[in-house]
2 protein chains.
Amino acid sequence: MWVSTRAQYGMRALVEIGLRGDEPTSLKFVSERQNISQHYLEQIVAVLRRAGIVESVRGAHGGYRLARPLDEVTALEVVELMEGSVAPVSCIEDSENCVRVGNCSTEGLWRKLDLAVRAVLGGTTLADLVAERQLLQLEPLPEQFAGLN
Amino acid sequence: MWVSTRAQYGMRALVEIGLRGDEPTSLKFVSERQNISQHYLEQIVAVLRRAGIVESVRGAHGGYRLARPLDEVTALEVVELMEGSVAPVSCIEDSENCVRVGNCSTEGLWRKLDLAVRAVLGGTTLADLVAERQLLQLEPLPEQFAGLN
DNA sequence: GTCAATTCCAGGTAAATTACACGGAATTAT
DNA sequence: ATAATTCCGTGTAATTTACCTGGAATTGAC
């Protein structure tokens with residue numbers, strides 16, 4: 001039930017980018033604040049760009065900004081994009097994939113799990129995460145967390 | 001958000017074993033009915049045995065039976081055992097693991113996800129799965145599914 | 001007491017995935 | 001011009017996954 005670092009980093013990067021509104025946010029900035037390899041971030045954000053979640057501004061003082069309003073990007077969309085799928089087992093996505101489909105003792109369980117995951121991720125948008133992040137920033141953070149979260 | 005085949009196979013094997021009550025069920029039988037490599041099953045069931053979920057009967061006509069009542073084995077226990085953990089990210093299991101803990105914009109999301117997964121898996125026992133399996137068997141299956149599910 | 005059916009065990013392994021790094025080309029504000 | 005950035009293809013080490021191999025130990029049936 002693991003979420004890859006690609007998806008984790010993608011989410012954290014989007015919050016960072018979303019937080020700064022229309023001003024383009026550079027990956028150098030994100031990578032420093034979030035302690036993520038810049039080169040790795042490039043690959044991750046490239047996927048987000050091709051999917052129309054962020055848009056890029058090239059050149060000096062360039063960076064990325066959200067291509068859509070905060071509340072129109074769900075965590076489900078992001079995780080599904082970075083992960084390929086959120087389904088716990090292959091037969092749920094791709095019914096053809098399994099001879100047992102419709103006749104399997106565990107199919108119902110995985111289906112319930114899939115729905116629960118989709119409910120949580122689909123019910124959370126970047127707007128929620130940015131809001132949470134801003135709340136956190138109100139309380140001054142201890143030194144060790146400076147520049148993080 | 002993937003569940004490994006180890007966990008999938010483990011669940012299916014347990015349903016098969018649970019279905020036959022006190023009579024020990026051989027892995028040959030399980031592997032044929034469920035189309036799972038017998039050697040791979042050995043490794044999986046060995047883990048279940050060491051965890052006290054099944055017990056073995058050695059020798060001819062041996063096999064495995066459940067070590068506990070059907071309704072005292074949750075899917076959560078099995079998946080957690082086979083997978084090591086069901087947490088979506090490491091910082092949830094092991095708070096020490098993350099400098100950002102308590103100060104992270106995405107922590108809440110992963111925590112909600114973890115709870116939802118635990119609710120579904122923890123709310124399902126082998127008794128539920130065996131019952132579902134028995135319902136399926138009432139309707140005669142098409143030829144191609146004979147011996148499956 | 002032999003034989004067949006089984007669990008038990010200690011390895012090995014090929015393929016895929018993950019989480020990056022490397023090196024540079026193209027673009028643009030200053 | 002220069003410096004800051006995105007963009008792009010490729011490489012790679014480590015880990016994980018999903019198995020297989022080859023046997024030893026145990027036990028019921030005859």
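A good place to start is a base contact: a polar atom in the side chain of B:R58 sits 3.3 Å from a base nitrogen of DNA strand D. Keep in mind that this is a predicted model. The points below look at what surrounds this strand, and then at the cysteines.

**Contacts with the DNA backbone**
- The side chain of A:S56 has an N or O atom 2.5 Å from a phosphate oxygen of DNA strand D.
- From chain B, the side chain of B:Y9 places an N or O atom 3.1 Å from a phosphate oxygen of DNA strand D.

**The surface around DNA strand D**
- There are 25 residues around DNA strand D, and the nearest of them are A:S56, A:Y64, B:T5, B:S37 and B:Q43.
- Of the atoms of DNA strand D that come within 4 Å of the protein, 64% belong to sugar and phosphate.
- Both chains contribute elements with at least two residues each in this surface: α3 (38-50), β1 (54-57) and β2 (63-66) come from chain A, while α1 (5-19) and α3 (38-50) come from chain B.
- Sorted by class, the surface near DNA strand D consists of 13 polar, 7 nonpolar and 5 charged residues.

**Cysteines**
- If you are setting up bonds, note that the structure has 0 disulfides over all chains.
- A:C104 has a relative accessibility of 11%, so this residue counts as buried.
- B:C104 is buried too, because its relative accessible area is 10%, below the 20% cut-off for that label.

Terms used
Residues are numbered from 1 along each chain as its sequence is written. Chains are lettered from A and ligands numbered from 1 in the order in which they are written. This is a predicted model: local features need pLDDT of at least 70, side-chain atom pairs count only at pLDDT 80 or more; totals for chains, interfaces and linings use all residues. Side-chain values use heavy atoms; hydrogens and water are left out. A residue is near a molecule or strand if one of its heavy atoms lies within 4 Å of it. A polar contact is a pair of N or O atoms within 3.5 Å; within protein, one must be able to donate a hydrogen and the other to accept it, and residues adjacent in sequence count only if both atoms are side-chain atoms. Helices (H or I, at least four residues) and strands (E, at least two) are DSSP runs, numbered from the N terminus. Ala, Val, Leu, Ile, Met, Phe, Trp, Tyr, Cys and Pro count as nonpolar, Asp, Glu, Lys and Arg as charged, and the others, Gly among them, as polar. A disulfide is a pair of cysteine sulfur atoms within 2.5 Å. Buried means under 20% relative accessible area, exposed over 50%, partly exposed in between (1.4 Å probe, protein chains only).
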